[in-house]
Amino acid sequence: MISVHILIYFFSSISIVIGINPLAHKDFFDVRQLYSIKSLFDAGVHLGHKTGVWNPLMKQYIYGDRHGNHIIDLNETDRHLFLALNVTSHIAYRKGVILFVCCRPQFQHLVQKTARECQEFFVIQRWRGGILTNAHKLLPVPRLPDLIIFLSVPYNMDAIRESAQANIPSIGIVDTDCNPNLITYPIAGNDDSLSSLELYCRLFSTAILNAKVQRQNDDNYTIDKSNDGETPRDNSRAEMAS
Amino acid sequence: MTSLMHMVGRRKFSTGLPSIFKLHRMDAYRGIQVWKSLVQTNTNRLITRQYSRLDTNRNEQQSSSIIPEERYKNEIAAFERGKRRLALMMEKDPETFTDQDIEEALAYLLPSSLFAKDARPIMKHPLELLPKIQEKKIDKDGRPFAAGYYTGFPAFYNTIHVIFFIRFKAIKYCLQVQFGNEIGEREELLMSLSLGKEVDRLADEVTQDLAPADFSQDNTNLSFRWLSSDQMKDILQEDITDRQYDYLIARLERLQQFPNSNRVKDFMDKYRKNVELRSTKVKIRPLSVAGVSYNKGKRKTAVANIQIQEGTGNVTINDKSLVEYFQQLLHREQVLYPLLVLNLTHAFDITCSVRGGGLSGQAGAIRLGIARALLSFNEAYKETLDECKFGDKFWIILDTDELLHRDPRIVERKKPGQKKARRKFAWVKR
């Protein structure tokens with residue numbers, strides 16, 4: 001135990017407080033619990049575009065085609081979605097700025113609502129070119145986001161390019177006609193239907209809110225501990241890690 | 001600054017100047033020292049730039065002083081000292097030394113041969129000169145306050161969001177009434193997004209049954225106008241584009257069409273202003289003792305004097321009958337239009353004298369006179385006459401909007417070098 005604690009000391013200051021290093025844990029925020037492959041299927045995430053409009057770069061995520069439509073491999077989607085949700089949670093846990101981008105008119109209210117729900121940020125309607133690469137001119141205070149979630153990739157290629165230039169990690173829902181190359185965490189899935197968009201929004205907002213609650217608890221715990229060292233605490237997470 | 005000092009020195013001590021300069025050299029020098037920091041050549045921009053650079057540091061250091069007077073305390077004190085010293089140098093009373101005096105003093109003490117006015121030395125109150133303190137945009141964790149921070153128009157999107165939510169809640173309410181059970185917000189959102197117009201229609205029907213009283217508030221004499229683009233910019237404090245303005249207005253209009261939108265009147269009133277209908281401004285002349293209404297109407301250059309009394313529908317124009325005077329059906333229709341609208345063609349006798357203008361102008365003038373005169377008999381005609389919108393049948397009357405409105409259009413003047421107002425002379429190049 002002592003050696004573990006010494007190791008942890010080097011990882012981060014938070015780790016001392018809660019007894020484990022969140023980054024060392026595979027699924028610190030339980031994002032696996034948020035969805036199942038069945039729920040993805042029910043939301044129609046597996047439905048791709050017509051085979052004619054595909055982007056060959058998406059080949060690795062495609063399961064096959066049926067009646068002229070590509071079907072996305074939900075095992076792949078599951079793997080990538082998990083990664084993305086995990087990263088989102090970690091960034092939210094560290095009070096990072098998360099930006100939702102979706103410039104499709106039919107989803108703008110949904111996205112704005114999601115971003116406001118989890119107290120994060122949004123860009124709808126129009127991406128102002130240079131907001132990341134020319135931030136000191138375009139923003140009152142040049143504070144760049146720490147993670148950008150693209151919910152309509154084909155509509156925001158310029159924004160994706162910019163985030164790649166500015167070295168900001170990005171998550172993107174890539175349909176079978178999208179180019180996943182510039183996106184840090186691509187998630188293969190349907191990006192045209194309301195049901196699937198709604199699913200992504202719910203997943204991301206829940207992940208963010210959970211991470212924030214977690215952070216709040218840990219902060220409170222720190223304060224309690226500094227007040228009196230013998231405050232009892234539920235150590236289930238610490239046990240899980242060890 | 002040193003060059004300025006040289007300039008002052010050369011001018012001050014070589015030529016004839018107020019005795020104070022000779023007597024108190026050191027005083028004069030100190031005075032300049034004090035406001036040296038505030039007087040700069042080509043300064044407006046320089047100072048702004050310097051301070052805006054400092055501003056980020058200042059924000060962190062003294063976060064409490066958002067009040068400009070507090071923030072620029074030292075600068076203001078320095079300015080006051082400098083002003084006092086300057087007044088003494090100019091042998092004036094420091095208490096009554098105005099900004100005008102400062103300008104004159106500077107022009108005298110630091111004469112500048114530079115042409116550009118903004119490049120000459122200035123000395124102004126720090127609050128005028130220094131950058132305005134803006135509200136803080138990010139919190140202590142470095143996270144922006146506004147959810148729409150990266151859109152560049154947070155206030156605009158806040159408004160859009162509020163409008164969306166009002167409609168959203170209304171629809172939710174309607175659906176609950178319709179289906180009689182509690183609906184989760186998320187399901188509701190989905191329904192409102194996917195059903196679209198269908199939900200609107202549903203909501204219309206439901207709420208109409210529920211609360212008809214809410215439709216007719218006592219604003220019968222009031223119509224309204226949305227705020228202009230510039231006014232909207234002032235309210236939002238954002239330089240929204242024309243497209244965004246149109247979008248916002250479209251949202252507001254849609255909200256307004258929604259049944260029971262009067263319930264959110266307070267919210268809507270922020271973005272519109274009430275305008276009185278023209279009919280409220282119309283002066284109604286009382287009937288004469290004999291029961292005759294005298295009135296005047298004008299159109300183009302025609303002027304018509306009207307007498308109306310109750311009768312059987314005789315119309316006399318300049319001692320001729322209507323049919324005799326106006327050959328064209330169009331003109332006859334014009335004259336009788338107010339009566340046609342009110343269905344009173346056979347209820348009044350009309351006598352009028354009209355002069356000036358052509359036939360259509362005269363017809364229009366008589367129409368206006370009759371419409372006005374009818375009000376003397378019954379004020380309730382006002383609404384019908386004012387709000388009367390014209391259909392395809394009376395296409396010519398579409399020219400003017402309302403029957404009680406004097407058509408303000410007159411003939412455009414002829415231009416020199418042209419044949420008429422717009423018509424050019426015929427010419428061939430060579």
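**Chains A and B: a helix, an interface and two cores**

Just after α5(A), A:Gln119 has a positive phi of about 50°. The model discussed here is a predicted one.

Trainee: How many of the 10 residues of helix α5 of chain A are buried?
Mentor: Helix α5 of chain A runs over residues 108-117 and is mostly covered. Its buried residues include A:Gln108, A:His109, A:Gln112 and A:Lys113, as well as A:Leu110, A:Val111, A:Thr114 and A:Ala115. The count of buried residues in the helix is eight.

Trainee: Why does A:Asn156 count as buried?
Mentor: A:Asn156 sits in the loop between β6 (147-150) and α7 (157-165) of chain A. Leaving aside residues up to four places away in sequence, A:Asn156 touches A:Val101, A:Cys102, A:Cys103, A:Trp127 and A:Phe150. Buried means under 20% relative accessible area. A:Asn156 counts as buried because its relative accessibility is 1%.

Trainee: Which residue of chain A meets B:Arg143 in a salt bridge?
Mentor: Between chain B and chain A the count is two salt bridges. In one of them, the N to O distance is 3.2 Å. The side chain that meets B:Arg143 there belongs to A:Glu120.

Trainee: Which helix gives the largest share of the side of chain B that touches chain A?
Mentor: In all, 30 residues of chain B are in contact with 32 residues of chain A, and 13 residue pairs across the interface are in polar contact. On the chain B side, α9 (154-179), α10 (185-195) and α13 (242-257) each supply at least two residues. The largest share is eight residues, and it comes from α9(B).

Trainee: What share of the area buried between chain B and chain A do carbon and sulfur atoms give?
Mentor: By class, the side of chain B that touches chain A has 17 nonpolar, seven polar and six charged residues. The area buried between the two chains is about 2900 Å². Of that area, carbon and sulfur atoms give 61%.

Trainee: Which helix gives the most to the largest nonpolar core?
Mentor: The largest nonpolar core has 63 residues, and those with the most contacts inside it include A:Phe100, A:Leu151, B:Phe156 and B:Met232. Among the residues that B:Phe156 touches are A:Gln125, B:Leu236 and B:Tyr247. With 10 residues, the helix that gives the most to this core is α8 (residues 194-227) of chain A.

Trainee: How many residues does the second, separate core have?
Mentor: This core includes B:Phe326, B:Leu339, B:Leu344 and B:Phe348. Its residue count is 31.

Key
Residues are numbered from 1 along each chain as its sequence is written. Chains are lettered from A and ligands numbered from 1 in the order in which they are written. This is a predicted model: local features need pLDDT of at least 70, side-chain atom pairs count only at pLDDT 80 or more; totals for chains, interfaces and linings use all residues. Side-chain values use heavy atoms; hydrogens and water are left out. Contact means heavy atoms within 4.5 Å. Buried area is the accessible area (1.4 Å probe) that two parts lose on being put together, summed over both. A salt bridge is a side-chain nitrogen of Lys or Arg within 4 Å of a carboxyl oxygen of Asp or Glu. A polar contact is a pair of N or O atoms within 3.5 Å; within protein, one must be able to donate a hydrogen and the other to accept it, and residues adjacent in sequence count only if both atoms are side-chain atoms. Helices (H or I, at least four residues) and strands (E, at least two) are DSSP runs, numbered from the N terminus. Ala, Val, Leu, Ile, Met, Phe, Trp, Tyr, Cys and Pro count as nonpolar, Asp, Glu, Lys and Arg as charged, and the others, Gly among them, as polar. A nonpolar core is a set of buried Ala, Val, Leu, Ile, Met, Phe, Trp, Tyr and Cys residues joined through side-chain atoms within 4.5 Å. Buried means under 20% relative accessible area, exposed over 50%, partly exposed in between (1.4 Å probe, protein chains only).
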